Structure formats: structure tokens, C-alpha cells
Amino acid sequence: MPDNKHREGSLDAPTRYPIDWKSDKFNDPDDLTQELERVFDVCHTCRRCVSLCESFPRLFDLIDESPTLEVDGVDKSDFQ
Ligand code: SF4
């Protein structure tokens, strides 16, 4: 029996998680950079919606031009 908690394509209502937007960490630039790197790495690996988002060609170019050929090699100043 599949694990319903983590299945894809469910018709169940999505779970909403509160965003702690009042914390100091929410506006911390270093924390944002860390989160962007995490998200870029997930999207670089997934690529499921590559045809739907204009960010991908730029992200892939930055990764291809990086010394590691991975998100960790992209200059953080290019994240913007
Ligand atoms: S579906 Fe799209 S936005 Fe979501 S992780 Fe995959 S590439 Fe990124």
C-alpha cells in the first residue's frame, strides 16, 4: 500500500504551513542566499517545469559557467 502522506497527484486539500515572516531570520540576507541555493539545487535536479519558467535558461547558463558545474559553484551575487 502506498504512503498516502507523500503521494503525488492527490486531490486532498494542500497543507498550509505558516510563514514566520515576523522573525529576524525572515529578512536575513545570508539566510535568503542559503535558501535560494537550496531551491536552485532542487530545481536544477528536478527540471519538471523547465518549459514553464523563464528562470531556467539563466539558471542553467550560470551553472554551466560555474567551475563545479553545480549550483554550489555559481557566484552568489548572480542569484539576483
Ligand atoms: S517542479 Fe519546477 S519549481 Fe518545482 S522543484 Fe521542479 S523545477 Fe523546481
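A residue counts as near a molecule if its C-beta atom, placed from the backbone, lies within 6 Å of it. The exercises below concern a predicted model.

**Exercise 1.** Determine which residues surround the ligand and how they divide into nonpolar, polar and charged.

*Solution.* Step 1: the residues around the ligand are Val42, Cys43, Cys46, Arg47, Arg48 and Cys49. Step 2: this shell holds 4 nonpolar and 2 charged residues, and no polar ones.

**Exercise 2.** State how many helices and strands the protein chain has, and explain why the chain is described as more spread out than a compact globule.

*Solution.* Step 1: the protein chain contains 2 helices and 0 strands. Step 2: for 80 residues the globule rule gives 12 Å, whereas the radius of gyration of the protein chain is 16 Å, well over that value, so the chain is more spread out than a compact globule. Step 3: the C-alpha trace spans about 45 × 35 × 25 Å along its principal axes. Step 4: 2% of the 80 residues count as buried.

**Exercise 3.** Locate Arg47 and decide whether Arg47 is buried or exposed.

*Solution.* Step 1: Arg47 sits in the loop between helix 1 (29-46) and helix 2 (55-65). Step 2: a residue is exposed if 12 or fewer other C-beta atoms lie within 10 Å of its own. Step 3: Arg47 has 11 other C-beta atoms within 10 Å, and is therefore exposed. Step 4: Arg47 is not a glycine, yet its phi is positive, about 60 degrees. Most residues other than glycine have a negative phi.

**Exercise 4.** Carry out the analysis for Leu69, giving its place and its exposure.

*Solution.* Step 1: Leu69 belongs to the segment after helix 2. Step 2: Leu69 is exposed, because 11 other C-beta atoms lie within 10 Å. Step 3: although Leu69 is not a glycine, its phi is positive at about 60 degrees.

Key: Residues numbered from 1 in each chain as written. Predicted model: local features only at pLDDT ≥ 70, side-chain atom pairs only at ≥ 80, totals over all residues. Nonpolar A, V, L, I, M, F, W, Y, C, P; charged D, E, K, R; others polar. Helix = DSSP H or I, 4+ residues; strand = E, 2+ residues; numbered from the N terminus. Rg over C-alpha atoms; globule rule 2.2 N^0.38 Å. Buried ≥ 20, exposed ≤ 12 C-beta atoms within 10 Å, placed from the backbone.
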